[in-house]
Amino acid sequence: MKLDVDVLRYLSKDDFRVLTAVEMGMRNHELVPSELVVRIASLKHGGTYKVLKNLLKYKLLHHDSSKYDGFRLTYLGYDFLAIKTMVNRGVFVAVGRQIGVGKESDIFEVAKEDGTVLAMKLHRLGRTSFRAVKSKRDYLRHRSNYNWLYLSRLAALKEFAFMKALEEHGFPVPNAVDCNRHCVIMSLVEGYPLVQVKQLQNPDIVFETIIGLVIRLAEHGLIHCDFNEFNIMIDDDEKVTMIDFPQMVSVSHRNAQMYFDRDVGCIFKFFSKRFNLSFQEHKHDIDGSEVDTEEYDRPCFSSIAKCAGFLDKELSASGFTGKDQDEIEKFIEVGIEKDTSSDDEGTGDEAHISDEFAETNIKDFDSLKLLEQPERVNRDEKGEAEERQQFCEAGQSSEPDTQDLSDKEEEANESKNEDNSELMHRLNKHRRKAAAAVHGRRKSLTSRNSYKDKGGKSSHNSKIQKQLSGW
């Protein structure tokens, strides 16, 4: 979608307020309901639906009513929010022409108030040419659900952090100025992409410089992962500048050697084709010693001394989110190892735990037995107190439903052995009736016509229902 900055002149504060409301709603909604937009925007004089209609006209929002009446931001609306924030901060005051386009971003010229020209990079993940972002990049980390706008924001934040850290350590990178949402502001590099250069005065020196940057990055604990002729800028003085950093990984990555060899291979392949530089492999002599027959050695990842520092662990101070990348990779690897080892060691651990629980339960059971023995002795000595306690417990557990049953229990407690058998007989009778009522799926509550004693079976059923409701 083409960025038409002229539309910014016709947008009011209410328009940006509604755009911000939709952005806030998209944190937990794929499509933000219109009622939620109205509630978040909270315009003083209303008119949110009129503003939404205006934003739809400029294609800053997308409306979808397939499931419910909802709205979501488009990349153009997200661009306007980022540009408006940068203008309010005073980073730049004008937007110029587009100077670059890629599978993941668009680059524009912007001008400051004093006339200084900067570069504005807008990340646009989700294009049809590059939709395998989830598998090719680690922006999501441990997340499962994602949004293209959110992924673009993570890519911009990650690139800004890497650019800031590399600049502080003296690498030839653009100067990182500011970052907001999916927008990164950097200094404009005066040069050309290496892919557009047909001739070089000193291709050997340029080649050595580029390979030296790859090795130096590895010594600092980073691998570019996309180090080719499209991401290398060179000026008229043949000064090299690196660009495009969102995909950089740590040297502790499980595929670090593969990424390193791929970057080195791209440089060797390009210079051999474009500038006719010949490269030959090492040849081994008969005694096993190596004979170097080439002018340029291909660097090996395992031979690089990683002692110059680890920039990936310093990025938390540059604004990048929390945990560094190699810790996340270790966490993923540990999780995989735990999943595999738990299948092998799970049975043994469970058996060990079950044995411990069995031992503790046996000990507790023995202690309970020891406590029960003196109780039995006391019960034999008490005699009549035991029978009274049994009758009282029987009366409490039975929970009599009617007044007659409670009276009979009191008489049974007074008569002790005489009415004991009669009380148990009545309790068993009531329990059988209750079980029969449950198995017959009868209602526990009385019906509307239960008070009508029509005689026969219906009146008998109503009496049983009254007793069940009392229980």
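I started with the secondary structure of the chain and got 13 helices and 15 strands. For the record, helices are DSSP runs of H or I with at least four residues, strands are runs of E with at least two, and both are numbered from the N terminus.

I noted that this is a predicted model, where local features need pLDDT of at least 70, side-chain atom pairs count only at pLDDT 80 or more, and totals for chains, interfaces and linings use all residues. Residues are numbered from 1 along each chain as its sequence is written, and side-chain values use heavy atoms, with hydrogens and water left out.

Next, whole-chain totals. I found 38% of the 471 residues buried (under 20% relative accessible area, 1.4 Å probe, protein chains only). Among contacts (heavy atoms within 4.5 Å) with a separation of 6 or more, 62% come from residues 24 or more positions apart.

Then I looked up one open sheet. Its three strands have the order β1-β3-β2, with antiparallel pairing; pairing takes at least two DSSP bridges between two strands. β1 (32–33) and β2 are the edge strands, each pairing on one side only. I checked what packs on the sheet: helix α3 (residues 48–57) does, touching β2 and β3, and its direction makes about 110 degrees with that of β2 (axes are lines fitted to C-alpha atoms, for helices over the stretch in contact, and angles run from 0 to 180 degrees between N-to-C directions).

Last, the pairings themselves. Strands β2 (residues 61–64) and β3 (residues 70–73) are joined by four bridges and make a hairpin with five residues between them. I count two bridges from β1 to β3. G70 in β3 has D64 opposite, and P33 also stands opposite G70.

Methods: Buried < 20%, exposed > 50% of the residue type's maximum accessible area, 1.4 Å probe, protein only.
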